Structure formats: structure tokens, C-alpha cells
Amino acid sequence: MLNLTDLRQKADKQLDFAAYSPRQLVLIHTAVSLGASLVLSLINLLFASMIENTGGLSGLGMRSMLETAQAVIEMAVTAALPFWNISLTYAALCWARGKLAEPPSLLAGFRNFRSILGMYLLEFFLFFAVTIVISYIGSAVFMLTPFAEPLIEIYDSLMQQSSILSPDAFTEETIAQVMAAGKPLFIFSGILFAAVAIPLWYRIRFADFAVMDGCRGRVSLLESIRITRKKCLQIFKIDLSFWWFYLLQALSVALCYGGSILPALGVSLPMSPEAAYVAFMALGRVCQGALLWFYQAKVSVTYALAYETLTAESEWKIVKEQ
């Protein structure tokens, strides 16, 4: 059983006796992660400005080259970050087990590239399949309810006026009517998706730890499903205990986009949009870095200890049954 108090106390103890400062390792990890995101944002801003200044037919080739370079850089950074971020999971496992975690440990995600990529792809296809099935079932059930009548009437009207496949069938007014009539469908499908996806997500919640513990991609998902059987509520309670951490994370991310959010709310800023973008992005990243510096190690080790506890309990159950 996952005892939150015991997990937190043990996390503090393991971090206190770590040979290499966990905060320093988190600082290195965070600096690279946030630095890469900040640099990528600045590069996108720079490329957007350069592309805007290459107008006319004479600048078509230059615009194409700049857009290609921007896409390649963004794709490379976006593809590399998940393998970098999951390395902190490996460090948390080392701390939980009293093992040494040093800066080279942060490359563990790239060393296990194949297994991690397989896990990510399986997770994507799993939730994609769930989305397709839920959309089909949700739509079929919705069409049998009275809430579908406005949507059916719109489509009947379109069929009577012209072919529904005609490009002229959907005007802006018609699209607005369809979207308004389809709101109950979106809400119903969203509720149905959450009812299936959230429990499924909790079942594979520890796949990251399993894959960094040496399991292959498919095996890591199966291992997480095995150890979390009838434990999802206990894991949810751990999440709930860190509500303040996730809230502060969300606020710091929102702060990064304050240059766009505040003008949208009617607040005028005494600077250009470009300067506001850079200033709020930098301020948000600093707040994220401070939050992770103080609390990320403890949060990560708490989950690593939960993984250790669930694995031990599951193995004991198997031995007992045998």
C-alpha cells in the first residue's frame, strides 16, 4: 500500500544522503530543458521577422529556405526533448535506490533511445485508437438521443438544398450552425473519452520508470499495467497531494505567454509585442526554473519510491500466489 507520509519521509532521507547534489542535477537538467525551449522561441521569433522582411517574388527562394531551416530546427529540438526529460526519471530511480546520479546520468534517455521511442509510439497509438473508438461510439450513441435532433435537421436541410459533398454546401453561417448544434456531441464524447482515457493513463503511469529500469517499450507498458492493478486511486492521492506543484507549473507556463494573454484581456503593455514576448518568456522560464530547483527532486523521488513499492508488492503477490 502506498503510504504518502512514508514516501515523503523516505524521499527526504534519500535526497539528504545523495552523493551528488540532487538540486544541482535538477538545475543542469532544467537549464538545458528551459534553455532549449527559450532558444527555440527566440529562433522562431527571429525567423518570423526575417521571413516577414523577405517580401515579393525576389525573396521567394529565401523565404522557402528560412521556413525549411526553421522547421528543421524546431523538429530537432522537439524530438530530442522527450528523451532528455525522461532522463530525470532515471536519476529519481537512482536516488530512490541510494545509487549515484551524476550529470552523465542525464544522457540515459538517449542511451535507451530505442526502448523509449517504442514506448512513446505505443502510447501514442494506444490513445489514438481509444480516441477513434470513443469518437465512433460517442457519435453513434449521441445520434440516438434527443440532443442530436438540431444537428440532424441541419444535415437534412443541406441534403434537400444540394449535395452535402458540394463545396458550396457549407457557408460560414452553416458551419456556425453545425458547430453550435454539435456542442452536446463534443461534450458527450469528451466525457466518454475522459472516463476511458484517465483510468488507462493511470494504468500506464509508471511506464516511464519501467523503461528506465531496463524494460523494453512494450514490456514497460505491460509492467506498469501489472503493478498498478487496483492502485490507481492511491496514485491519484499522490497526485492530489502535489496539487500546488502542478498549479505553480501551470501558472509559470501561462506567465511565459503573458505578452499575448494580457493584451487579449484588454491590458496594454508599455512595450512592443516582440519585447513583451521575450520579457514574459524569460520571466516565465525563470519562475519555472526556481520551482523545479526547490521541489522537482522531491516530487520525482516520491513517484520513484511509489514505483519501487508497487513493484515490490506485485512481486510479493506473484510469489505468494505461486
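**Exercise 1.** Is Thr302 buried or exposed, judged by its relative accessibility?

*Solution.* The structure is a predicted model, in which local features need pLDDT of at least 70 and side-chain atom pairs count only at pLDDT 80 or more, while totals for chains, interfaces and linings use all residues. Residues are numbered from 1 along each chain as its sequence is written, and side-chain values use heavy atoms, with hydrogens and water left out.

Step 1. Apply the classes: buried is under 20% relative accessible area, exposed is over 50%, and partly exposed lies in between (1.4 Å probe, protein chains only).
Step 2. Thr302 has 0% relative accessibility and is therefore buried.
Step 3. Locate the residue: Thr302 belongs to helix α15 (residues 273–321), where helices are DSSP runs of H or I with at least four residues, numbered from the N terminus.
Step 4. List the contacts (heavy atoms within 4.5 Å). Leaving aside residues up to four places away in sequence, Thr302 touches Leu7, Ala11, Ile238 and Phe242.

**Exercise 2.** Determine which parts of the chain the salt bridge between Lys231 and Glu313 ties together.

*Solution.* Step 1. Use the criterion: a side-chain nitrogen of Lys or Arg within 4 Å of a carboxyl oxygen of Asp or Glu.
Step 2. The side chains of Lys231 and Glu313 meet at 3.3 Å, N to O.
Step 3. Lys231 is in the loop between α11 and α12 (232–241) and Glu313 is in helix α15, so the pair ties together parts 82 residues apart in sequence.
Step 4. Compare the accessibilities: Lys231 is buried at 19%, whereas Glu313 is partly exposed at 24%.

**Exercise 3.** Place the salt bridge between Asp213 and Arg97 in the chain.

*Solution.* Step 1. The N to O distance for Asp213 and Arg97 is 2.8 Å.
Step 2. This pair links distant parts of the chain, 116 residues apart: Asp213 is in the loop between α10 and α11 (217–227), and Arg97 is in the loop between α4 and α5 (108–111).
Step 3. Asp213 is partly exposed, at 32% relative accessibility, and Arg97 is partly exposed at 31%.

**Exercise 4.** Which helix gives the most to the lining of the largest pocket?

*Solution.* Step 1. A pocket is an open set of points on a 1 Å grid over the protein atoms alone, where a 1.4 Å probe fits, with protein on both sides within 12 Å along at least five of seven lines; lining residues have an atom within 4 Å of a point.
Step 2. The lining comprises 24 residues, and those closest to the pocket centre are Asn85, Thr89, Arg205, Asp208 and Phe209.
Step 3. Helix α15 gives the most, with four residues.

Note on methods
Helices (H or I, at least four residues) and strands (E, at least two) are DSSP runs, numbered from the N terminus.
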